[in-house]
Amino acid sequence: MTYLSVENLSKKYGLKTLFEGITFGISKGDKTALIAQNGTGKSTLLRILAGRETPDAGEVMVRNGIRIGLLEQEPELDDSMTINEFITHGSNEMVKVVRNYERAVEAQAENYSDSTQKAFDKALAEMDAKNAWDYEQRLQQILGHLDIHDLDQAISSLSGGQRKRVALAFVLLDEPDLLILDEPTNHLDVDMIEWLEAYLTKSTMTLLMVTHDRYFLDRVCNHIMEIEDGELYHHKGNYAYFLQKKEEREEVYATEVAKAGKLARKELEWMRRQPKARTTKSKSRIDAFYETEKKANSGKVKKEIKLEVGVSRIGGQVLELKHVNKSFDDLVILNDFEYSFNKGEKIGVIGKNGVGKSTFLKIITGEEPVDSGEVLTGQTIVYGHYKQQGIVIKESERVIDVIKEIAEVIQLSDGNTISASQFLEHFMFDSKMQYTPVAKLSGGEKRRLGLMLVLIKNPNFLILDEPTNDLDLITLEKLESFLADFGGCLIIVSHDRYFMDTLVDHYFVFEGDGVIRDFNGTYSEYRESIQLKEAEAVKAKAPKPEKSPDHSPAKDSSNSQKLSYNERREYKSLEREIEKLEEEKKAVSAEMNSGITDYEKLQELSLRFEEIKEELEQKELRWLELAERA
């Protein structure tokens, strides 16, 4: 059963075409993710589907009786209401059903008649049809999981993250037939994300969502729609399947363009023959030539972010925190915290919202004073702090002027320098966009600009607080690649589990009341350890049955020993080193077989080839040794 159909949908934003001629349908039970680059109109498309915005052309057809719920990226809530008033106000379909039933019960009790009985029967049937009997229970469950407790709090006093969670609670409680979610994991901590992930997986609601959280996408969605270069592609399956099919599609396309190029060159010679010969040419062959030429020239240069900024030199001392204490009234952030950072260290920071993660980052950079203790920063350290709320930029300023205020010339990782305009092009801001006011950028484009403002200073100690919010998946992959090879220190606070697992060596786990645990492993391993502890706690509380003495020999646990912190760093480093050596080996081999005649050069290449082979063998053996234990 098709819930929603879209036919030839188009939308422009000023002179910019967001999408054109898009046609698709959403069927009952689909759990669909929409993937596209920032600035291609994903949020605008969702608003059009929900009836909040009108297209320039095309049509959106919704099946009769189908209710659509929309969670926007930045929800607009009524500031005159309290949380309770907003969640239970009249536009919520479930609330209407419950209230209608309550009124029917009261009317029947006050004045029993045929009409009040009919009204009661109708209200009763609606309660059964909507399964609204457990509404209060679900209300408390959803609000509790989203950390919404003070229902008398005014909407006007809420932070951006709290507003998003209130809006999410409202749309989940309404249980629409088709639920549209725009970046639902933004502003949620990991516990909330995992709860929402499980909730939506079990739910029978039909879903359409935009999300950058790859674990969330992979586990919830069974259908992916991708918009690229104005074309719409469908992939039945999860994110891993989508990546596989996308790669296959791009390989096929590249092959077709290459073949068309060869054929076009051959046919061009035929087309250039003398006029006399041209009179005998087949019209169909001439037409075919122009089609082939068009295909050969159709290869589009993909716009991709290029992170090639320089990194300032790091001296012997990096950063040391000695007996640091910090609290706000009864909220203890740090309690006698000590740590000395090493060169190249990559640390993830995790913990529930409100335990002081952002405050900890500000203490490191000196933006927030400590109550007692010392924060010793090395003389060569240059901080780059990407904050959760982004960089405050004047909305009326043009993009190029924002960059030029900081630097006219920027140094890259290879030592070369480029202009501010060229630097913007590296971050996918073309010449037209550079002269666009900041106010007209999408949320993801503003985030990308904020990232530029941090990296432009060539920091060697990067602090990233929720850097993945609103960034598209293509930009995220490039950011991950850059950070994996980043030579400086890195601290990341993020709810994106995939992003963290890819990059960090170990975690600072903020457990509350100033307690910070250093966990050596990935986030997935951390969650496994928590679940194991919870299971052991449940088991310990259960009554223990009597059992006969066990005389079996104790198991040797040495084989299951986890990698140490330094070994884990070595393991991750080896993967990158092996990959680079493989690439160099291919390049050297190709040069040796290219027909080169210079004997000295051949000898030099041969020696290097043997060195690479030997180095690869050593590193692969060490990698296998560590992999078995990991």
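Helices (H or I, at least four residues) and strands (E, at least two) are DSSP runs, numbered from the N terminus. The model shown in these views is predicted.

**Figure 1. The loop residue N458 has a positive phi.** N458 sits in the loop that runs between α16 (443–455) and β17 (461–465). Its phi is near 50°, a positive value in a residue other than glycine. Most residues other than glycine have a negative phi. N458 has a relative accessible area of 13% and is therefore buried, the cut-off for buried being under 20%.

**Figure 2. D329 is a residue other than glycine with a positive phi**. The view is centred on the loop between β10 (319–328) and β11 (331–341), where D329 is found. The phi of D329 is near 55°. With a relative accessible area of 78%, D329 is exposed; exposed means over 50%.

**Figure 3. The whole chain, for orientation.** The chain contains 21 helices and 20 strands. It has 630 residues, of which 45% count as buried. The accessible surface of the chain is about 33,600 Å², and carbon and sulfur atoms account for 48% of that surface. Of the contacts in the chain between residues at least 6 apart in sequence, 68% join residues at least 24 apart. The structure as a whole holds 27 salt bridges, and several of them appear in the views that follow.

**Figure 4. D79 and R163 form a salt bridge**. Side chains of opposite charge can pair when their charged atoms come close. In the pair of D79 and R163, the N to O distance is 3.0 Å. D79 belongs to the loop between β5 (68–71) and α2 (83–87), while R163 belongs to helix α6; the two are 84 residues apart, and the pair links distant parts of the chain. D79 has a relative accessible area of 41%, so it counts as partly exposed. R163 is buried because its relative accessibility is 17%.

**Figure 5. A salt bridge joins R214 and E480**. The closest N and O atoms of R214 and E480 are 2.5 Å apart. This pair also links distant parts of the chain, with R214 in helix α8 (residues 214–220) and E480 in helix α17 (residues 473–484), 266 residues apart. Both R214 and E480 are buried.

**Figure 6. E367 and K387 meet in a salt bridge between two loops**. The N to O distance between their side chains is 2.6 Å. E367 is in the loop between α12 (357–365) and β13 (372–377), and K387 is in the loop between β14 (383–386) and α13 (399–404), 20 residues apart. The relative accessible area of E367 is 38%, so E367 is partly exposed. K387 has a relative accessible area of 25% and is likewise partly exposed.

**Figure 7. Salt bridges that share partners form one network**. The residues joined in this network are D191, E194, E197, D213, R219, R497 and R527.

**Figure 8. Four residues make up a negative surface patch**. The patch is formed by D78, E85, D150 and D152. One of these residues, D150, lies in the loop between α5 (135–145) and α6 (160–174). The relative accessibility of D150 is 43%, so D150 counts as partly exposed.

Conventions:
Residues are numbered from 1 along each chain as its sequence is written. This is a predicted model: local features need pLDDT of at least 70, side-chain atom pairs count only at pLDDT 80 or more; totals for chains, interfaces and linings use all residues. Side-chain values use heavy atoms; hydrogens and water are left out. Patches are made of residues with over 30% relative accessible area and no salt bridge: like charges are joined within 9 Å, nonpolar side chains (Val, Leu, Ile, Met, Phe, Trp, Tyr) within 5 Å. Accessible areas come from the Shrake-Rupley method with a 1.4 Å probe; for residues, only the protein chains shown count as cover. Lys and Arg count as positive and Asp and Glu as negative; His and the chain ends are not counted. The place of a charge is taken as NZ of Lys, CZ of Arg, CG of Asp or CD of Glu. Buried means under 20% relative accessible area, exposed over 50%, partly exposed in between (1.4 Å probe, protein chains only). Contact means heavy atoms within 4.5 Å.
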